[in-house]
Amino acid sequence: MPYLYLLATFLFVFGIKKLTSVKTCRQGNRISEIAMLLAIVATLLIFSNLNIGLILAGVVVGGAIGALIAKKTPTTQMPEMVAALNGFGGLSSALVAIAFLLIDETLKDPAKTLWDTGAVNAISTPATIVIGMVTLTGSFVAYFKLSGKKLVHPLAGSNRHLAHAALGLAAVALGYWQIVSGSHAQMSVATALLALLAAGLGALLVLPIGGADMPVVVSLLNSYSGVAGAAAGFVINSPLLVVVGALVGTSGLILTQIMCKAMNRSLGNVLLGGMGEETVAKDAKDYKSIKSAQPEEVAMLLDGATSVVFVPGYGLAVAQAQHVVRELADLLQKRGAMVRYAIHPVAGRMPGHMNVLLAESDVPYEQLWEMERINGDFKNTDVVIVVGANDVVNPTARENSGPIAGMPILDVDQARTVVVIKRSLAPGYAGIKNPLFEAENTLMVFLDAKEALEGIVKEVKELK
Amino acid sequence: MDPVFLLIFVFVIASLLGFELINKVPPTLHTPLMSGSNAISGITVVGAIICAESGEGWVAQGLAFLAIVLATINVVGGYMVTDRMLASFKKKEK
């Protein structure tokens with residue numbers, strides 16, 4: 001029977017590998033689903049002394065809630081959902097470590113301490129609790145930030161780092177107490193305090209990180225939940241958990257690294273940066289010469305255009321405008337224009353967010369152009385239509401200072417005309433002014449993305 | 001050899017494998033990969049099941065139950081949402 005675990009592990013590796021290529025990704029997900037099922041069935045077969053009723057009830061309740069969440073969540077709220085699910089996984093690992101304190105054979109003897117269960121197992125217990133709880137609260141702070149809630153850290157500047165360091169040290173001390181405490185009553189107190197403290201620390205660590213950096217944070221927390229699973233594997237002596245947890249942990253780390261590179265920042269800079277707190281541009285009065293336009297003017301502009309590039313951003317997702325944008329693109333293509341989409345790696349609120357969204361409305365894969373590939377081409381583009389994007393087209397990123405300095409951007413300002421569809425002049429997630437809006441060649445359309453695009457589609461149809 | 005050493009051994013090897021596994025991922029797949037590996041991190045459900053031993057006290061059973069519920073939410077929700085995303089990629093390949 002333990003060989004079933006080996007087979008499951010093999011299928012997990014195989015599945016993850018297949019997930020990294022467009023052609024095989026769906027198959028990869030299937031394979032990893034089968035691996036998970038196999039792992040669960042194998043566990044039920046290998047361990048004889050299990051409370052099957054309790055397990056079934058847990059799986060049914062959890063499965064129903066999970067299915068409901070997955071079915072009900074619109075594509076636009078995917079980032080939040082992934083964050084929330086991740087938090088549940090982290091908490092589950094922490095609970096496994098806590099529950100195991102109560103059922104461990106060695107600890108049944110009241111004279112024994114956690115240390116007596118073996119050094120690695122002992123150290124893994126507080127480690128699992130800390131990583132699991134940090135994943136839980138960190139993920140939920142990310143969840144609220146992604147849903148647009150403004151959450152502020154209670155402390156500022158160096159006090160903040162000092163407080164985090166102090167909490168970290170306190171966690172180490174509590175973990176030590178948990179391991180060596182003479183009585184089980186003391187161990188319980190230490191465990192409870194450790195879980196609470198780690199929960200607080202997780203929230204505080206994510207609070208100062210700006211909304212624009214959430215894709216990085218979510219993928220990092222994803223990696224943490226894997227590490228928490230691996231640590232739980234050390235607690236209960238399960239090679240399956242150790243291997244699969246480690247796989248998720250490191251692959252999540254790689255994804256995090258890819259995200260950081262896309263923003264030209266180091267991971268440390270993201271985690272300590274606290275970007276998104278400065279709010280420089282509050283409203284329209286910071287801008288001098290704004291040219292605003294109506295959908296019919298945009299349609300006229302598109303009439304003569306031979307090359308059009310759409311730049312989607314989070315606003316597209318919010319307005320659910322992915323289908324209308326496709327309709328307009330098809331229309332323009334029929335009129336002989338070359339249509340492409342410029343995808344910034346961190347557009348939206350999660351890595352690859354725009355790709356998922358546009359795929360939903362069947363935009364052909366070849367029309368999606370990555371930033372490096374299309375940037376040199378903007379100077380030959382007649383019209384760029386920015387739909388609900390802001391920071392990823394902000395030319396201040398080319399300057400030496402400021403919150404987004406050095407972040408690679410889409411050079412849309414080099415196009416002949418830039419049309420920006422945006423509800424207001426409010427700043428993006430980075431909270432800074434965007435000089436693109438007052439540029440000579442920029443037209444602003446102050447409408448909801450869907451409304452504006454529907455208007456443009458209607459006008460273009462009447463052109464002929 | 002101490003069995004714990006074997007665990008550390010597989011942890012190190014699996015970590016290296018994780019690094020190697022994901023080197024070039026097209027941006028299109030960043031989200032599905034994230035939510036897919038998120039579902040996989042629900043493997044802790046196995047640990048939760050092992051903790052649900054019969055004959056233990058109600059606190060242990062309660063904790064195990066809660067852990068199973070949470071991990072299953074993670075697993076089922078994660079896989080379903082990943083599949084939903086990938087299904088939208090699949091459509092246009094035809």
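## Two loops with an unusual backbone angle

Let's start with Gln320(A), which sits in the loop between helix 12 (314-319) and helix 13 (322-334) of chain A. Keep in mind as you look around that this is a predicted model. Gln320(A) isn't a glycine, yet its phi is positive, at about 55 degrees. Why does that stand out? Most residues other than glycine have a negative phi. As for its surroundings, Gln320(A) has 17 other C-beta atoms within 10 Å, so it counts as partly exposed.

Now hop over to Asn237(A), found in the loop between helix 8 (214-236) and helix 9 (239-262) of chain A. Here too the residue is not a glycine but has a positive phi, about 60 degrees this time. Asn237(A) is partly exposed because it has 19 C-beta neighbours inside 10 Å, and a residue needs 20 or more to be called buried.

## A helix with a buried side

Next up is helix 3 of chain A, covering residues 52-72. Its 21 residues stretch 30 Å from the first C-alpha to the last, close to the 30 Å expected at 1.5 Å a residue.

Which residues of helix 3 of chain A are buried? They are Ile55(A), Gly58(A), Val59(A), Gly62(A), Gly66(A) and Ala70(A). These cover an arc of only 95 degrees around the axis, so they end up on the same side of the helix. The general idea is handy to remember: an α-helix has 3.6 residues a turn, so residues three or four places apart point the same way. On the face turned away from the buried side of helix 3 of chain A, you'll find the exposed residues Gly53(A), Lys71(A) and Lys72(A).

## Domains in chain A

The domain assignment splits chain A into domain 1 (1-72), domain 2 (87-273) and domain 3 (284-463). Measuring over C-alpha atoms is how the centres of domain 1 and domain 2 of chain A come out 23 Å apart. Their contact takes seven residues from domain 1 and five residues from domain 2 of chain A.

On the domain 1 side of that contact, helix 1 (residues 2-19) of chain A brings the largest share, six residues. Sorted by class, this side has six nonpolar residues, one polar and no charged ones.

## Where the two chains meet

How many residues does each chain put into the contact between chain A and chain B? Chain B gives 75 residues and chain A gives 95. On the chain B side, helix 1 (3-21), helix 2 (30-40), helix 3 (44-51) and helix 4 (58-91) each supply at least two residues. Helix 4 of chain B gives the most, with 31 residues. The chain B side divides into 46 nonpolar, 22 polar and seven charged residues.

Val248(A), in helix 9 of chain A, is a good place to zoom in. It counts as buried because it has 32 C-beta neighbours inside 10 Å. Not counting residues up to four places away in sequence, Val248(A) touches Gly226(A) and Gly229(A), plus Ser37(B), Ile40(B) and Ser41(B).

## The nonpolar core

The largest nonpolar core has 193 residues, and Val311(A), Val386(A) and Ile68(B) touch the most other members. What does Val311(A) contact, leaving aside its neighbours within four places in sequence? Among its partners are Ala342(A), Val384(A), Ile385(A), Val386(A) and Val387(A). Ala389(A), Val393(A), Leu410(A) and Val412(A) are in contact with Val311(A) as well.

Definitions and conventions
Residues are numbered from 1 along each chain as its sequence is written. Chains are lettered from A and ligands numbered from 1 in the order in which they are written. This is a predicted model: local features need pLDDT of at least 70, side-chain atom pairs count only at pLDDT 80 or more; totals for chains, interfaces and linings use all residues. Helices (H or I, at least four residues) and strands (E, at least two) are DSSP runs, numbered from the N terminus. The expected span of a helix is 1.5 Å times one less than its number of residues. A residue is buried if 20 or more other C-beta atoms lie within 10 Å of its own, exposed if 12 or fewer, and partly exposed in between; C-beta atoms are placed from the backbone. The arc is that of the directions from the helix axis to the C-beta atoms. A nonpolar core is a set of buried Ala, Val, Leu, Ile, Met, Phe, Trp, Tyr and Cys residues joined through C-beta atoms within 7 Å. Two residues are in contact if their C-beta atoms, placed from the backbone, lie within 7 Å. Domain bounds come from an automatic or database domain assignment. Ala, Val, Leu, Ile, Met, Phe, Trp, Tyr, Cys and Pro count as nonpolar, Asp, Glu, Lys and Arg as charged, and the others, Gly among them, as polar.
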